[in-house]
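Me: Could we go through this structure together, one contact at a time? I would like the cut-offs as we go.

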Amino acid sequence: MKLFLIPTPIAENAWHTISPEVINRVHLLGVFIVERAKTARHFVKDIKHPRPIQELIFTELSDNSDAKAASETFMNALKSGQDIGLLSEAGCPGVADPGAAIVALAHREGVQVVPLTGPSSILLSLMASGLNGQSFAFQGYLSPKRPELARDLRRLEQSVWQQNQTQIFIETPYRSQMVLEVALESLRPDTMFVVAQDITGNQELIKGQTIKQWKKSPLPALQKLPAVFLIGK
């Protein structure tokens, strides 16, 4: 048995980011542990899985779901010698994703873990940022409230200037504009701030400037699309 970590597009209809190797591997699998079953079924159907969709097993493992069902699916596949595919909602499973729990289970059970190459918004945004790629940290989500967010941003800024460590975080799409506004209010003028939105998609925006430069230029109207934010120097 093997556990295959299957990347999915991070932008709508960005099928060019998924390699034939990944598609061919998915075609051989019949058991999937996924972040969201509806999205996973669409993905498997869109890449023309040779088996009827109703014959495939999809077990959800989300941030809000109990891991018991996913663990049972894994153990049943282990007993029967079936390979499993692990799918995130978007991008690479196990990174900013609840699937890490299944990867950890695979290691405990001595199952080979096979990561397949695909798009990661975190890595792609770092590549395109021009910030320090030798030392960086991913912080997940910061506080959704303005005062606490301002404190979070200033705390990350300290790591940037004291350790020369690029700080990366994400936010739900409908709060992206607020993040930019609070960053402009809270960070020092010479701090670099990068917005990377809809990476690999039709509305891709990757823009990095100092806070001083951001304040002097027209601000983008951040759409309700996934975005990654980076702080650096």
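Me: Which ring does the charged end of Arg188 sit over, and how far is the charge from the ring centre?
Reply: Happy to start there, with a word on the ground rules. This is a predicted model, in which local features need pLDDT of at least 70, side-chain atom pairs count only at pLDDT 80 or more, and totals for chains, interfaces and linings use all residues. Residues are numbered from 1 along each chain as its sequence is written, and side-chain values use heavy atoms, with hydrogens and water left out. A charge sits over a ring if NZ of Lys or CZ of Arg is within 6 Å of the ring centre and within 35 degrees of the ring normal; for Arg188 the ring is that of Trp161, and the distance to its centre is 3.9 Å.

Me: Which residues are joined with Arg146 into one salt-bridge network?
Reply: A salt bridge here is a side-chain nitrogen of Lys or Arg within 4 Å of a carboxyl oxygen of Asp or Glu. Arg146 meets Glu181 at 2.6 Å, N to O, and Arg146 also meets Glu185 at 3.8 Å, N to O. Glu185 lies in helix 7 and Arg146 in helix 6, so this pair ties together parts that are 39 residues apart in sequence; helices are DSSP runs of H or I with at least four residues, strands are runs of E with at least two, and both are numbered from the N terminus. Salt bridges that share partners thus join Arg146 into one network with Glu181 and Glu185.

Me: Is Glu185 buried or exposed?
Reply: By relative accessible area, buried means under 20%, exposed over 50% and partly exposed in between, using a 1.4 Å probe and protein chains only. Its network partners Arg146, at 34%, and Glu181, at 29%, are both partly exposed. Glu185 has a relative accessibility of 60%, so Glu185 counts as exposed.

Me: How far apart are the closest N and O atoms of Arg175 and Glu171?
Reply: Here is another salt bridge, one of eight found in a search of the whole structure. Arg175 is buried, and Glu171 is buried too. The closest N and O atoms of the two residues are 3.1 Å apart.

Me: What is the angle between the ring planes of Trp15 and Phe43?
Reply: Rings of Phe, Tyr and Trp (its six-membered ring) pair if their centres lie within 6.5 Å; planes under 30 degrees apart count as stacked, over 60 as edge-to-face and the rest as tilted. The search of the whole structure finds four aromatic pairs, and the Trp15 and Phe43 pair is stacked at 5.8 Å centre to centre, with an angle of 20°.

Me: Why does the pair of Trp15 and Phe43 tie together parts that are apart in sequence?
Reply: Phe43 counts as buried at 4% relative accessibility, while Trp15 counts as partly exposed at 31%. Trp15 lies in the loop between strand 1 (2-6) and helix 1 (20-27) and Phe43 in helix 2 (residues 37-46), so the parts tied together are 28 residues apart in sequence.

Me: Where do the buried residues of helix 2 lie, seen down its axis?
Reply: The buried residues in helix 2 are Ala37, Ala40, Phe43 and Val44. On the other side of helix 2, Lys38 and Lys45 are exposed. The arc is taken from the directions from the helix axis to the C-beta atoms. The buried residues line one face of helix 2, because they fall within an arc of 125°.

Me: Which residues form one aromatic cluster with Phe169?
Reply: Phe169 and Phe229 are both buried. Their rings are stacked, 5.4 Å centre to centre with 25° between the planes, and this pair links strand 7 with strand 10 (residues 227-232), 60 residues apart. The cluster joins Phe169 with Phe193 and Phe229.

Me: In which sense do strand 6 and strand 7 pair?
Reply: Two strands pair if DSSP finds at least two bridges between them. Strand 6 (residues 136-141) and strand 7 (residues 166-171) have four bridges, and Ala137 has Gln167 as its bridge partner in strand 7. The sense of the pairing is parallel.
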